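Got your viewer ready? Here is a walk through the structure, one selection at a time.

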Amino acid sequence: MINQKQIMTEWQKAGIKINGFTYNDIQDIYNQLAHNADDEKEANGIFILAIRKAAMNGAKTQWAVSNIANQWIQLGLTTVEAIGKYEQESQQTQPKSYYGRPLKQESKILQPKSDEVLQQNEQLAISLGYKNAEDMAKGTHDILINLRKTRAERLDSKPKT
């Protein structure tokens, strides 16, 4: 193992669980990578990339790292450069249809900015017949106070149905 300290540092940064079998798991994964990669330096780089990808996917166990490394080996990717190209291509190519129907891409939910909120409040106030948002707030406040005052009467009145 060329740089075990770097691998352990990446392992800890990724937040992957460490237990009594961690060292043996790391050795097994590394031995498999060293056997299939072009050289030990490439195996070390592939191992670090697998750890980082597992962390990006939210993985918390060594199985995720092992599965990622196995996937790359089965695809015949034996260098860090080849893995980089593969990952870049896989992110760019997404399925364009599902059973003949085009996929609908949802946009990300964006947090509204304060000026957008103010603008929407102004538009809502005008559509409700107020001059501006402050008048709408005062009117709403008055309505709520009136409802609070008449609550007892409304609760006492028996329904006609």
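## Starting at Glu-81

Pick Glu-81 to begin: with 55% relative accessibility, Glu-81 is over the 50% cut-off and so counts as exposed. Keep in mind as you go that this is a predicted model. Glu-81 sits in helix H5. Now measure across to Ile-46: the two C-alpha atoms are 9.4 Å apart, although 35 residues separate Glu-81 and Ile-46 along the chain.

## Zooming out

Before going further, show the whole chain as a cartoon. You should find 8 helices and 2 strands. Walking from the N terminus, the order of elements is α-α-α-α-α-β-β-α-α-α. If you colour by burial, 23% of the 161 residues come up as buried. And if you draw contacts between residues at least 6 apart in sequence, 50% of them join residues at least 24 apart.

## H3 against H5

Next, select H3 together with helix H5, residues 80–92. How do the axes of H3 and H5 cross? They come within 9 Å of each other and cross at roughly 30°. That angle is under 35 degrees, so H3 and H5 count as roughly parallel.

Turn on side chains for the contact. From H3 you want Glu-42, Gly-45, Ile-46, Leu-49 and Lys-53, and from H5 you want Val-80, Ile-83 and Glu-87. Sorted by class, the contact of H3 with H5 has 4 nonpolar residues, 1 polar and 3 charged.

Stay on Ile-46 for a moment and add Tyr-30. C-alpha to C-alpha, Tyr-30 and Ile-46 are 9.2 Å apart, with their positions 16 residues apart in sequence. Tyr-30 belongs to helix H2. Is Tyr-30 buried or exposed? Its relative accessible area is 3%, so Tyr-30 is buried.

## H1 against H3

Now hide H5 and bring up helix H1 (residues 4–13) alongside helix H3 (residues 40–56). Here the axes come within 9 Å and cross at roughly 5°, which means that H1 is roughly parallel to H3.

For the contact, select Gln-6, Ile-7, Glu-10 and Trp-11 on H1, then Asn-44, Phe-47, Ile-48, Ile-51 and Arg-52 on H3. The tally for H1 with H3 is 5 nonpolar, 2 polar and 2 charged residues.

## The aromatic pair

Two of the residues you just selected deserve a close-up. Searching the whole structure turns up 1 aromatic pair. The ring centres of Trp-11 and Phe-47 are 6.4 Å apart and the ring planes stand at 90°, so this pair is edge-to-face. It bridges distant parts of the chain, with Trp-11 in helix H1 and Phe-47 in helix H3, 36 residues apart. Switch on a surface and check burial: Trp-11 and Phe-47 are both buried.

## Last stop: Thr-22

With Trp-11 still on screen, what does Thr-22 touch? Leaving aside residues up to four places away in sequence, Thr-22 touches Trp-11 and Lys-17. Thr-22 lies in helix H2, which covers residues 22–36. Its relative accessibility is 4%, so Thr-22 counts as buried.

Finally, add Asn-19. A polar atom of the Thr-22 side chain lies 2.6 Å from the backbone nitrogen of Asn-19.

Notes:
Residues are numbered from 1 along each chain as its sequence is written. This is a predicted model: local features need pLDDT of at least 70, side-chain atom pairs count only at pLDDT 80 or more; totals for chains, interfaces and linings use all residues. Side-chain values use heavy atoms; hydrogens and water are left out. Axes are lines fitted to C-alpha atoms, for helices over the stretch in contact, and angles run from 0 to 180 degrees between N-to-C directions. Helices (H or I, at least four residues) and strands (E, at least two) are DSSP runs, numbered from the N terminus. Angles under 35 degrees count as roughly parallel, over 145 as roughly antiparallel, 65 to 115 as roughly perpendicular and the rest as oblique. Contact means heavy atoms within 4.5 Å. Ala, Val, Leu, Ile, Met, Phe, Trp, Tyr, Cys and Pro count as nonpolar, Asp, Glu, Lys and Arg as charged, and the others, Gly among them, as polar. Rings of Phe, Tyr and Trp (its six-membered ring) pair if their centres lie within 6.5 Å; planes under 30 degrees apart count as stacked, over 60 as edge-to-face and the rest as tilted. Buried means under 20% relative accessible area, exposed over 50%, partly exposed in between (1.4 Å probe, protein chains only). A polar contact is a pair of N or O atoms within 3.5 Å; within protein, one must be able to donate a hydrogen and the other to accept it, and residues adjacent in sequence count only if both atoms are side-chain atoms.
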